[in-house]
Amino acid sequence: MVIEQLRLPLAAHFISEILEDALLVADTNLDNLTMLGPVDTVTSEVLDDILAKHASPDILIVITGSPPCVDVAQLNPARTGVKGSETSKVLEFQRIFQHVK
């Protein structure tokens with residue numbers, strides 16, 4: 001990871017993922033991992049708890065994410081596009097970002 005190459009200390013990893021294969025990859029490759037479950041269940045209280053435990057002036061908080069691609073993938077003949085129920089989860093990411101910001 002780039003952060004490791006920069007030699008920045010990592011206090012913790014938090015992920016919001018529901019796919020078993022992705023969870024296995026994360027669990028195998030990330031130390032000090034906390035799985036938060038589906039993004040739409042990550043509450044303000046959960047975020048506040050994370051910030052209370054890990055936020056400080058000398059800590060860099062990196063937030064990354066992307067919406068599920070099932071609604072836009074060309075391999076899905078029943079795709080519904082960017083207005084699909086799964087793709088709209090990007091709004092949850094925006095909510096989390098605004099809360100942490």
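Visitor: What makes Leu6, Leu8, Leu60 and Val62 a nonpolar surface patch?

Guide: In this predicted model, these four residues make a nonpolar surface patch of about 400 Å². A patch takes residues with over 30% relative accessible area and no salt bridge (a side-chain nitrogen of Lys or Arg within 4 Å of a carboxyl oxygen of Asp or Glu), and nonpolar side chains (Val, Leu, Ile, Met, Phe, Trp, Tyr) are joined within 5 Å, whereas like charges are joined within 9 Å. Areas come from the Shrake-Rupley method with a 1.4 Å probe, and for residues only the protein chains shown count as cover.

Visitor: Why is Leu6 called exposed?

Guide: Leu6 has 57% relative accessibility, and exposed means over 50%, buried under 20%, partly exposed in between (1.4 Å probe, protein chains only), so Leu6 counts as exposed. Leu6 is found in the loop between helix H1 (2-5) and strand E1 (13-15); helices (H or I, at least four residues) and strands (E, at least two) are DSSP runs, numbered from the N terminus.

Visitor: Why is Thr87 called buried?

Guide: The relative accessible area of Thr87 is 9%, which falls under the 20% limit, and therefore Thr87 is buried. Thr87 lies in the loop between helix H3 (44-54) and helix H4 (90-100), and its C-alpha atom is separated by 7.4 Å from that of Val70, 17 residues apart along the chain.

Visitor: How many of the 101 residues count as buried?

Guide: Of the 101 residues, 18% count as buried.

Visitor: What should be known about the numbering and the values?

Guide: Residues are numbered from 1 along each chain as its sequence is written, and side-chain values use heavy atoms, with hydrogens and water left out. Local features need pLDDT (the predictor's confidence in each residue, from 0 to 100) of at least 70, side-chain atom pairs count only at 80 or more, and totals for chains, interfaces and linings use all residues.
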